[in-house]
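Student: Could you walk me through this model? I'd like to start with the terms and then go round the fold.

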Amino acid sequence: MVTDPIISRFEDQLKHDGGAHHWTMAAAWSPERQLEALATADVVVCSSLGPEQVAAASRLKLVHVTGAGYDRIFVPGLLPGTLVANTFHHARPIAEHVLMVTLMLSRNVIAADRAVRGGRWRTIATDPEVPFHPTLSGITMGLVGMGSIGSEVARMAGLLGMDVRAVRKNPAAGAPDGVALSWIGGNRQLPELLAASDVVVVTAPLDSSTRGLIGAAEFAAMKPSALLINVARGPVVDQQALFDALQSRRIAGAGIDVWWASPADGVLPPAELPFASLDNTVLTPHHSGHARITFERRAADIAANIGRLADGRELINVVPRVWAS
């Protein structure tokens with residue numbers, strides 16, 4: 001049973017193995033109809049599965065999340081033998097997004113675009129208040145988290161000559177293959193990373209230890225010229241502290257691709273504070289990883305795992321239930 005509307009658009013890739021599986025494409029169904037169908041599902045392919053849905057799915061063998069995050073799966077309610085698996089392939093497009101936003105903010109692209117559209121020609125040749133651009137090779141990037149996304153951001157930033165540093169839960173693990181870091185520390189050394197960085201990129205997953213990880217004290221530790229880019233989850237960054245830091249110019253700018261609420265709440269952008277009123281932000285609708293190839297490869301992973309499940313073979317990307325709980 002597939003309830004995720006995005007991955008449903010890749011139905012051909014999901015079914016490409018030709019196996020004798022019965023597929024229920026239920027993304028467009030009403031919640032009531034989905035609940036009824038969950039009772040007969042062996043596998044649910046979804047982005048979220050709440051307590052009521054988990055209770056209805058009494059014969060589940062596998063919950064296959066359609067992305068990396070499984071924080072919207074009610075794991076404690078699943079039967080003991082039910083597997084949870086996820087899939088990735090979004091690191092490269094997100095890394096490209098991070099570099100794009102870094103350039104947009106450091107080169108004041110939005111302000112320059114707005115000025116030209118308004119009939120004003122402001123350059124270093126016409127206005128001494130216009131700053132010179134930095135180059136990426138002169139920028140220090142600090143990564144909060146070194147999973148697949150952080151590693152790809154670090155790799156690409158390093159290829160462009162940036163000085164890349166990071167903190168991670170286990171600094172003894174060092175840098176991933178193909179990634180050169182000038183410094184790596186543990187999470188307790190976050191203030192040291194923040195003080196040294198021109199761009200701080202948040203890629204750490206959301207859990208009880210990272211909720212509100214970047215707050216007022218962390219913004220106080222950053223350079224006034226520094227930028228923050230969050231491509232993790234909104235609540236990893238304290239919303240009020242970020243707004244205050246931007247409004248007061250305690251930091252120079254921010255790129256926000258992940259938010260603190262859902263657009264379904266009727267507020268755009270989905271936040272309690274008016275980030276859209278600030279001129280030192282790049283705001284995007286959680287789309288940094290939305291490259292077509294991301295979902296083609298995710299669909300292939302899901303199809304392969306369903307094939308493995310049917311054949312009794314070991315699955316890939318299984319989430320440890322203790323960790324997920």
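Tutor: Let us begin with pairing: two strands count as paired if DSSP finds at least two bridges between them. Helices (H or I, at least four residues) and strands (E, at least two) are DSSP runs, numbered from the N terminus. This is a predicted model, in which local features need pLDDT of at least 70 and side-chain atom pairs count only at pLDDT 80 or more, while totals for chains, interfaces and linings use all residues. Residues are numbered from 1 along each chain as its sequence is written, and side-chain values use heavy atoms, with hydrogens and water left out.

Student: OK, so how many bridges join β5 to β6?

Tutor: Strand β5 (residues 163-167) runs parallel to β6, and three bridges join them. In that pairing, R165 has W183 in β6 as its bridge partner.

Student: And what order do the strands of that sheet have?

Tutor: It is an open sheet of seven strands with parallel pairing, in the order β6-β5-β4-β7-β8-β9-β10. Its edge strands are β6 (183-185) and β10 (281-283), each of which pairs on one side only.

Student: Which helices lie on it?

Tutor: Helix α4 (residues 91-106) lies across β4 (140-144), β7 (199-202), β8 (227-230), β9 (253-256) and β10, and runs at about 150° to β8. Helix α6 (residues 148-159) packs on the sheet as well, touching β4 and β5, and its direction makes about 170° with that of β4. Touching, or contact, means heavy atoms within 4.5 Å, and the angles run from 0 to 180 degrees between N-to-C directions, with axes as lines fitted to C-alpha atoms, for helices over the stretch in contact.

Student: Is H97 in α4 buried or exposed?

Tutor: H97, which has its place in helix α4, counts as buried because its relative accessibility is 7%. Buried means under 20% relative accessible area, exposed over 50%, and partly exposed in between, using a 1.4 Å probe and protein chains only. Leaving aside residues up to four places away in sequence, H97 touches V231, D257, T284, H287 and S288.

Student: New topic: what about the sheet with β1?

Tutor: That one is an open sheet of three strands, ordered β1-β2-β3 and paired in parallel. β1 (43-46) and β3 (83-85) each have a single partner strand, so one side of each is left without a neighbour in the sheet. Between β1 and strand β2 (residues 62-65) there are four bridges in the parallel sense, and C46 stands opposite V65 in β2.

Student: Does anything cover α10, and if so, what?

Tutor: The buried residues of α10 are covered by elements including α1 (11-14), β1, β2, β3 and α4. Among those buried residues are F295, I302 and I306. After α10 comes G312, whose phi is positive, near 75°.

Student: Last one: which residues touch the most others in the largest nonpolar core?

Tutor: A nonpolar core is a set of buried Ala, Val, Leu, Ile, Met, Phe, Trp, Tyr and Cys residues joined through side-chain atoms within 4.5 Å. The largest has 29 residues, of which F219, M222, L228, L242, I251 and F275 touch the most other members. Helix α9 gives the most to this core, with five residues. Apart from it lies another core, of 26 residues, among them L99, M141, M146 and A154.
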